[in-house]
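User: Hi! I am new to reading protein structures, and I would like to go through one step by step. Could you help me with some questions?

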Amino acid sequence: MPLAVCATPIGNLDDVTLRALEELRAADVVLCEDTRHTRGLLARHRIRARLLSYHEHNEAKRTAELLPRLASGERIALVSDAGMPGISDPGARLIAAALEAGVPVTVLPGPSAVETALVASGFAAERFLFLGFLPRGERALASAWRELGGWPFPAVAFESPQRLPATLRSLARVDPGRAVAVCRELTKKFEEVVRGTAAELAERFAEPPKGEITLVFGARETAAADAVAAAGAVAELVAAGAARGAAAEVVSRLTGVARNELYRRTL
């Protein structure tokens with residue numbers, strides 16, 4: 001039997017697919033991040049299954065244990081707490097190991113916070129960039145904004161509600177006019193999609209909100225993107241200990257973006 005990778009709801013428990021429910025009913029064991037969380041999903045759909053924890057702290061151990069069971073023909077389903085296993089959630093290690101060992105893997109698609117937020121934001125385009133969870137710390141964020149500044153299409157990222165205010169303030173310092181959508185509690189009762197500039201949303205979310213957060217960054221024009229990337233470079237140099245004026249001067253010479261603009265963007 002193949003390893004069945006099953007996408008699960010990102011909020012509303014009724015968003016699970018019929019194929020996923022059928023697979024979860026038939027599985028000998030269901031691997032999940034939090035057994036209590038998955039048990040709630042199964043109870044909602046009247047499914048009784050044997051659950052086994054599979055999360056970031058036991059991935060390596062569990063993978064070694066599970067490969068022989070998969071090879072022997074045991075029917076195993078893999079889920080995460082929300083969305084697709086292996087995308088910013090545990091699962092990629094087991095999937096890769098199964099394929100390497102010659103065990104077939106089948107993926108049952110379903111809900112995705114990335115695509116849901118992208119469409120809900122109104123920024124959807126033919127291409128987009130997925131950043132995963134945004135890094136912590138001003139220096140790491142500056143590097144992320146620099147990467148984003150060189151990308152001319154929309155981008156999607158995950159962020160914790162506790163870090164959201166600092167993240168928006170960081171972006172607003174570098175690129176205050178960047179179009180952003182804060183997507184909160186997608187598919188749930190209190191779903192909210194707030195759109196605005198980075199500066200506006202930094203003010204709106206001065207305090208951490210409640211719920212799961214997905215951020216969508218709108219596309220940028222090339223000239224503006226160049227300025228954002230250059231400002232990100234200045235911010236990185238300042239975080240590393242360089243004087244702001246000197247950093248702005250050096251980056252200005254290399255990129256052609258005005259020194260005063262770079263200095264102002266990184267205050």
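Here are some questions and answers about this model.

User: Before we start, what kind of model is this?
Analyst: Good thing to ask early on. The structure shown here is a model, and it is predicted.

User: How many strands are in the sheet that contains β1, and which of them are its edge strands?
Analyst: The sheet is open, its pairing is parallel, and its 5 strands follow the order β3-β2-β4-β1-β5. An edge strand pairs on one side only. That description fits β3 (51–53) and β5 (105–108).

User: By how many degrees are neighbouring strands of that sheet turned against each other on average?
Analyst: Let's stay with the sheet in the order β3-β2-β4-β1-β5. Direction is ignored for this value, and the average turn between its neighbouring strands is 25 degrees.

User: Which residue in β4 is the bridge partner of Val5?
Analyst: Start with the two strands: β1 (residues 3–6) and β4 (residues 76–78) run parallel and are joined by 2 bridges. Along this pair, Ala4 stands opposite Ala77. For Val5, the bridge partner in β4 is Leu78.

User: And on β5, which residue is the bridge partner of Leu3?
Analyst: β1 and β5 also run parallel, with 4 bridges joining them. Leu3 has its bridge partner in β5, and that residue is Val105.

User: Are the residues on the two faces of β1 buried or exposed?
Analyst: In a regular strand, side chains alternate between the two faces of the sheet. In β1, Leu3 and Val5 are on one side, while Ala4 and Cys6 are on the other. Both faces are covered, and these four residues are all buried.

User: Which strands does helix α3 touch as it packs on this sheet?
Analyst: Helix α2 (residues 35–44) packs on the sheet too, touching β2 (29–32) and β3. The direction of helix α3 (residues 59–71) makes about 145 degrees with that of β3. The strands that α3 touches are β1, β2, β3 and β4.

User: Let's look at the sheet with β6 in it. Why is one side of β6 left without a neighbour in the sheet?
Analyst: This open sheet has mixed pairing, and its 5 strands come in the order β6-β7-β10-β8-β9. From one strand to the next, the twist averages 15 degrees. One side of β6 (129–133) has no neighbour because β6 stands at an edge with a single partner strand; the other strand at an edge is β9 (192–197).

User: Which residue in β9 is the bridge partner of Ala181?
Analyst: β8 and β9 run antiparallel, and 6 bridges join them. In β9, the partner of Ala181 is Arg195.

User: Is the arrangement of α6 to α7 parallel or oblique?
Analyst: The axes of these two helices come within 10 Å and cross at roughly 55 degrees. Angles from 35 up to 65 degrees fall outside the roughly parallel and roughly perpendicular classes. That makes the arrangement of α6 to α7 oblique.

User: Which residues in α7 do Glu138, Leu141 and Trp145 meet?
Analyst: α6 passes α7 in a right-handed crossing. Glu138, Leu141 and Trp145 belong to α6. Their contacts in α7 are Thr167, Ser170, Leu171, Arg173 and Val174.

User: Which element supplies the largest share of the largest nonpolar core?
Analyst: This core has 34 residues, and Trp145, Leu215 and Phe217 are among those with the most contacts inside it. Several elements each supply at least two of its residues, including α6, β8 and β10. The largest share is 6 residues, and it comes from α9.

User: Is Lys210 buried or exposed?
Analyst: Lys210 lies in the loop between α8 and β10, and it touches Arg184 and Glu185, not counting residues up to four places away in sequence. Its relative accessibility is 72%. The cut-off is over 50%, so Lys210 counts as exposed.

User: What about His45, buried or exposed?
Analyst: His45 is found in the loop between α2 and β3. Leaving out residues up to four places away in sequence, it touches Leu13, Asp14, Val16, Leu21 and Arg25. Its relative accessible area is 15%, and the cut-off is under 20%, so His45 is buried.

Technical notes
Residues are numbered from 1 along each chain as its sequence is written. This is a predicted model: local features need pLDDT of at least 70, side-chain atom pairs count only at pLDDT 80 or more; totals for chains, interfaces and linings use all residues. Side-chain values use heavy atoms; hydrogens and water are left out. A nonpolar core is a set of buried Ala, Val, Leu, Ile, Met, Phe, Trp, Tyr and Cys residues joined through side-chain atoms within 4.5 Å. Buried means under 20% relative accessible area, exposed over 50%, partly exposed in between (1.4 Å probe, protein chains only). Two strands pair if DSSP finds at least two bridges between them. Axes are lines fitted to C-alpha atoms, for helices over the stretch in contact, and angles run from 0 to 180 degrees between N-to-C directions. Angles under 35 degrees count as roughly parallel, over 145 as roughly antiparallel, 65 to 115 as roughly perpendicular and the rest as oblique. A crossing is left-handed if the near helix is turned anticlockwise from the far one by less than a right angle, and right-handed if clockwise. Contact means heavy atoms within 4.5 Å.
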